[in-house]
Amino acid sequence: MAAKLPLGIVTHSQKVCSLYKRALRNLESIYDVRHVYRYQAVLMRDRFDKNAKITDFRKAVKLLEEGEQELFLNQHPLPRKFPTSPGGVAYGRVVTPPDWVLDYWHPLEKAHYPEYFKKRELQKKEFIAMWEKEYGKPDPKDQSHH
């Protein structure tokens with residue numbers, strides 16, 4: 001799994017939006033009854049809105065740090081995850097086989113999907129032509145089997 005790499009400078013407003021979204025996700029984990037969650041979400045939004053017009057950047061940064069700390073201290077021990085997201089119960093469950101597996105299908109199996117395999121063979125020829133144009137034809141000496 002790839003680590004999260006910063007792809008640019010994250011602005012203060014992006015950090016605030018991220019904190020808000022993570023706070024809402026945390027509330028979702030805590031309150032499983034929808035109307036109770038919505039009430040708490042409205043209260044959370046009100047807290048963010050009250051500080052939205054702050055022009056003193058130092059105070060805004062301090063509030064952001066305090067919000068991050070509060071979220072950390074109040075985080076749910078078992079946060080709710082989407083099933084197919086990393087950490088979810090179905091993450092990585094569906095394994096997509098590599099394309100070369102289809103090369104080993106029996107001709108009778110391929111006969112069920114004639115248009116698909118006709119198009120696939122054409123795409124393979126185009127790919128080989130593109131490869132040879134860019135890298136040249138393979139050397140027969142390199143293809144000897146041990």
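This report walks through the pockets, the nonpolar core and a handful of residues of the structure above.

## About the model

The model is predicted, so local features are given at pLDDT of at least 70 and side-chain atom pairs at pLDDT 80 or more, while totals for chains, interfaces and linings use all residues. Residues are numbered from 1 along each chain as its sequence is written, and side-chain values use heavy atoms, with hydrogens and water left out.

## The largest pocket

Let's begin with open space. Rolling a probe the size of a water molecule over the atoms shows where empty space is left. Here a pocket is an open set of points, on a 1 Å grid over the protein atoms alone, where a 1.4 Å probe fits and where protein lies on both sides within 12 Å along at least five of seven lines. Grid points are joined across faces, edges and corners, and a volume is the space filled by probe spheres set on the points. The largest pocket has a volume of about 750 Å³. It is lined by 27 residues, and L19, M44, R47, F48 and G67 are the closest to its centre; a lining residue has an atom within 4 Å of a point.

Three helices each bring at least two residues to this lining: α1 (12-30), α2 (34-50) and α3 (57-73). Helices are DSSP runs (H or I, at least four residues) numbered from the N terminus. The most comes from α1, with ten residues. Sorted by class, the lining has 15 nonpolar, seven polar and five charged residues. In this sorting Ala, Val, Leu, Ile, Met, Phe, Trp, Tyr, Cys and Pro count as nonpolar, Asp, Glu, Lys and Arg as charged, and the others, Gly among them, as polar.

## The second largest pocket

The second largest pocket holds about 330 Å³ of space. Of its 14 lining residues, R22, R25, P79, R80 and K81 are the closest to the centre. Both α1 and α3 supply at least two residues of this lining, and α1 gives the most, with five residues. By class, the lining has four nonpolar, five polar and five charged residues.

R25 and R80 also turn up around E28, a residue of helix α1. The side chain of E28 makes a polar contact with the side chain of R25 (3.0 Å). A polar contact is a pair of N or O atoms within 3.5 Å; within protein, one must be able to donate a hydrogen and the other to accept it, and residues adjacent in sequence count only if both atoms are side-chain atoms. Leaving out residues up to four places away in sequence, E28 touches Y37 and R80, where contact means heavy atoms within 4.5 Å.

## The nonpolar core

In soluble globular proteins, nonpolar side chains tend to be buried together. A nonpolar core is a set of buried Ala, Val, Leu, Ile, Met, Phe, Trp, Tyr and Cys residues joined through side-chain atoms within 4.5 Å. The largest one in this model has eleven residues: L19, Y20, A23, L24, L27, Y37, A41, M44, F48, L64 and L71. Helices α1, α2 and α3 each supply at least two residues of this core, and the largest share, five residues, comes from α1.

L19, in helix α1, is buried, with a relative accessible area of 6%; buried means under 20%, exposed over 50% and partly exposed in between (1.4 Å probe, protein chains only). Beyond four places in sequence, L19 touches F48, L64, G67, E68 and L71. The C-alpha atoms of L19 and E68 are 6.8 Å apart, although 49 residues separate the two along the chain. With the same four-place neighbours set aside, L71 is in contact with L19, R22, A23 and N26. L24, also in helix α1, is buried at 17% relative accessible area and is in contact with Y37 and A41, again without its neighbours within four places.

## Helix α5 and beyond

R120 is found in helix α5 and counts as buried because its relative accessibility is 4%. Outside the four-place window, R120 touches D99, W100, L102 and D103.

E134 lies in helix α5 (residues 114-135) and is exposed, with a relative accessible area of 52%. Its side chain makes a polar contact with the side chain of Y135 (3.3 Å). The C-alpha atoms of E134 and L24 are separated by 51 Å, with the two residues 110 apart along the chain. In helix α3, L73 is exposed too, at 60% relative accessible area.
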